[in-house]
Amino acid sequence: MRKVFLLVSLFAFSAFAQKSEELQKNLAFDQILGELVSRYENPNIPEPKMDGSIDPLKTDDRMYITVKASDKKERTRLLELGLDIMDIKKDSVSGLISKIELSALENKEFSIIGKKTIYDWAKQFEKDFPVSDSAYHNYNETLEYLKKLASENSDIASLFSMGKTIEGRDIWVLRLNSSAKGEVKSSKPGAVFVGNHHAREHLSNEVPLLFAAYLLDNRDKPEIKKYLDTLDIYIIPMFNPDGVEYDIATGRYRWHRKNARINSDKSIGVDLNRNYDTTWCQSGSSHYPGSDTYCGTGPFSEPETQAMRDFILARKNIKTLQSYHSYASLILYPWGGIYDPIANEKDRNAFIKMANEMARLTGYNAQQSSELYAASGDTCDWAYDKAGIFAFTTELEGNSFYPGASIIKKTVEKNIKAAVYLLSMTDNPYK
Ligand SMILES: [Zn+2]
């Protein structure tokens, strides 16, 4: 009798322990989303001491301009002249441009209808400056979170560096695979989720980071377990950590897009999403180092893009890739560098079908990348061109690169649905 009682209570206890462990695990993803919201509502980080004289935007010579332009060819031309397009209206575009490029632009056929210094223009976003954005993860916080996920799930998760940035930071990759760890190769179909090619697009780090948390928190649910059992999943939330840290270093955003390369003219950064070797620097990017769309001195001139090239080419099993950017609420597929559609009909139809489904799940719009403007040398054109990967760019939502922390939760939730869908297509993108 006592034995039976002991057995029953042991059984009950282990069931309880299992249950509470499960409960704890399942809490983690919701917990972090909840924490993000409360950190947004009650930021507890002291306001950085800002001395007006060191405000980085005061010495930044970029101007925010609005120029008449009504089609993709004009927009592409403006990108080539150095305009970093941020806002597109029917008859005009707006964005940042360096002073030198602006004086060249003023001699061209375009008509400039608005002009402000970056300092004056950025004032309107003051409420969203870093103190109120403590919910976003910086480089160290991202790494700590990835470490935690990897150590709590060490049977299926591993963390490794795919290479170093120009300032020597590691670019971290969280891998989810039930039978291979670290850099050991796998023959399972592979999926890559990468964020933050562009420094100031901080939301694009949160989505893949929290997607990793979601997958691991739900790892025992059959609808997620089947992907963890059968796929080789790589999550690289922060691809350009140098740029991210530079953007937030002073306590006031710098509107920095590129990496941290110091160029020959002392300007900072190469646009990593213009540095890949497919139609490199042919359209929608600039050879001028000070430009926000500067393509670099040659294809793969940057250690970050070299790391991605080597990573992808060493893993023939990769079938799908999602690169997160912000902010236009779009799901984009190749080509981005040319206006022509993908020639291979089977591939084109598969791209369109998947993009449409992800658009349905997120409420974004699906289109060929160059429909807005052509921009050559990006990740997705290269990944499809050189490795046959079904590669998408998701432009997350928002009204600015700095939309505040309240947007994180809803953006993450809807993009998780699209990311899970992409996993469901990774074994056979043509199905
Ligand atoms: Zn971007």
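Q: Leaving aside neighbours within four places in sequence, with which residues is Gly163 in contact?
A: This is a predicted model, in which local features need pLDDT of at least 70, side-chain atom pairs count only at pLDDT 80 or more, and totals for chains, interfaces and linings use all residues. Residues are numbered from 1 along each chain as its sequence is written. Two residues are in contact if their C-beta atoms, placed from the backbone, lie within 7 Å. By this criterion, the partners of Gly163 are Ile171, Pro303, Gln306 and Ala307.

Q: What distance separates the C-alpha atoms of Gly163 and Pro303?
A: Along the chain, Gly163 and Pro303 are 140 residues apart. Their C-alpha atoms are nevertheless separated by 7.7 Å.

Q: Why is Gly163 classed as neither buried nor exposed?
A: A residue is buried if 20 or more other C-beta atoms lie within 10 Å of its own, exposed if 12 or fewer, and partly exposed in between, with C-beta atoms placed from the backbone. Gly163 has 17 such atoms within 10 Å, so the residue is partly exposed.

Q: Which helix gives the most residues to the largest nonpolar core?
A: A nonpolar core is a set of buried Ala, Val, Leu, Ile, Met, Phe, Trp, Tyr and Cys residues joined through C-beta atoms within 7 Å. The largest one has 107 residues. Helices (H or I, at least four residues) are DSSP runs, numbered from the N terminus. With 10 residues, the leading contributor is helix α6 (residues 203-217).

Q: Between which domains does this core lie?
A: Domain bounds come from an automatic or database domain assignment. Both domains give residues to the core, so it lies between domain 1 (60-126) and domain 2 (130-426).

Notes. Helix = DSSP H or I, 4+ residues; strand = E, 2+ residues; numbered from the N terminus.
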